[in-house]
Structures are given as structure tokens and as C-alpha cells.
Amino acid sequence: TSEPTVLADPTFNLTMPVLNETYNFGDTIKVIGTVSADYEMHGYNVIIKNMKTGMNVLNQGYHLHQSSYMMNEAWKNTVADTSEMKITVDVAIDHDGTLKSFERIVTCYPQ
């Protein structure tokens, strides 16, 4: 029997936001970057979750069969309380539900 093929993790390059960035009320969090691999991936999701409320304020998914993705998502800060926001990029590397993830935390301030 042959061993199953193990795919290398994709390379994440998130240029925005930078780690520990802060946003004032009304500022826009821009999620800009690339994900690449030496094989065809099966799509990705960009999620921004308010860690204080537990709510996702952005959940944008794409089912694209490509070896690289360019991300450009945005969300305007409307928080009522100072909140840590977890930005997650989930990449589907196969059709069996295998995900590789990248996370970054930023802080949003209210009015």
C-alpha cells in the first residue's frame, strides 16, 4: 500500500492588518494578503469575530480551485465596547474538509 500524500501547508502572507493594530470607531479593517501553495486549493473564508460578543461581523467565503488567492476584504468598525477582533483565514486544502488557518488579533475602540 502507498502512503497517503501529505500536502505542505499553504503559505500565508497577510499584509493588512498588522499584528496588534488598533482601530477607532468608523475606521475600516482591511484584510489584504495572499495564500499560496504548490497545489490546487479548494477555497477560503475570511472571518472577523468580535471576541467580546462572540459574533462574526464578517464571514466571506469563496470556492475557488486555484494554487493562490489574493484576499481583499473590509469591515467598518461599529463596536459598542472596546473589543478584540480575531481575523481568521481558513483555507480548504481538499474536498474532505481539511482546513489550514491563519489568525491575527486586532483591537477596535467604540465612539
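Is lysine 100 buried, partly exposed or exposed? I start there because lysine 100, at 27% relative accessibility, counts as partly exposed, and from that residue we can walk through the rest of the chain. Please keep in mind throughout that this is a predicted model.

Let me stay with lysine 100 for a moment, since its side chain meets the side chain of aspartate 9 in a salt bridge, with 3.2 Å from N to O. This pair links distant parts of the chain, with lysine 100 in strand 8 and aspartate 9 in the segment before strand 1, 91 residues apart. The structure holds two salt bridges, and the other one to look at joins the side chains of glutamate 103 and lysine 86, at 3.7 Å from N to O. Here too distant parts of the chain are linked, as glutamate 103 belongs to strand 8 and lysine 86 to strand 7, with their positions 17 residues apart in the numbering. Glutamate 103 is partly exposed, and its relative accessible area is 48%.

Strand 8 brings us to the aromatic residues. Three aromatic pairs are found in the structure, and one of them is formed by phenylalanine 12 and phenylalanine 102, which are stacked, with 5.5 Å from centre to centre and 20° between the planes. In this pair phenylalanine 12 comes from strand 1, residues 11–16, while phenylalanine 102 comes from strand 8, residues 99–108, so that parts of the chain 90 residues apart are linked. Phenylalanine 102 is partly exposed, with a relative accessible area of 23%. Elsewhere, Tyr44, Tyr62 and Tyr69 form one aromatic cluster.

Tyrosine 62 leads us on to glutamate 73, because the side chains of these two residues make a polar contact at 2.6 Å, which is within the 3.5 Å that such a contact requires. Glutamate 73 is found in strand 6, residues 66–76, and which side chain of opposite charge is nearest to it? That side chain is lysine 30, 12 Å away, and glutamate 73, although buried, has no salt bridge. If we leave aside residues up to four places away in sequence, glutamate 73 touches Ile29, Lys30, Val31, Val46, Leu58, Gln60 and Tyr62.

A second buried residue to look at is asparagine 77, which has 0% relative accessibility and is found in the loop between strand 6 and strand 7. Its side chain reaches the backbone oxygen of asparagine 24 at 3.0 Å, and the side chain of asparagine 77 also reaches the backbone oxygen of tyrosine 109 at 3.0 Å. Among the residues that asparagine 77 touches, again without those up to four places away in sequence, are Tyr23, Phe25, Gly26, Asp27 and Cys108.

Finally, let me turn to the strands themselves. An open sheet of five strands has the order 2-8-7-4-5, and its pairing is mixed. At its edges are strand 2, residues 22–23, and strand 5, residues 56–62, each of which pairs on one side only. Within this sheet, strand 4, residues 44–50, and strand 7 run antiparallel and are joined by seven bridges. As a place to look, isoleucine 47 stands opposite threonine 88, which is in strand 7.

How values were computed: Residues numbered from 1 in each chain as written. Predicted model: local features only at pLDDT ≥ 70, side-chain atom pairs only at ≥ 80, totals over all residues. Heavy atoms only, no water. Phe/Tyr/Trp six-rings, centres within 6.5 Å; stacked < 30°, edge-to-face > 60°. Helix = DSSP H or I, 4+ residues; strand = E, 2+ residues; numbered from the N terminus. Buried < 20%, exposed > 50% of the residue type's maximum accessible area, 1.4 Å probe, protein only. Lys, Arg positive; Asp, Glu negative; His and termini not counted. Salt bridge = Lys/Arg side-chain N within 4 Å of Asp/Glu carboxyl O. Polar contact = N/O pair within 3.5 Å; in protein donor to acceptor, adjacent residues only side chain to side chain. Contact = heavy atoms within 4.5 Å. Pairing = 2+ DSSP bridges.
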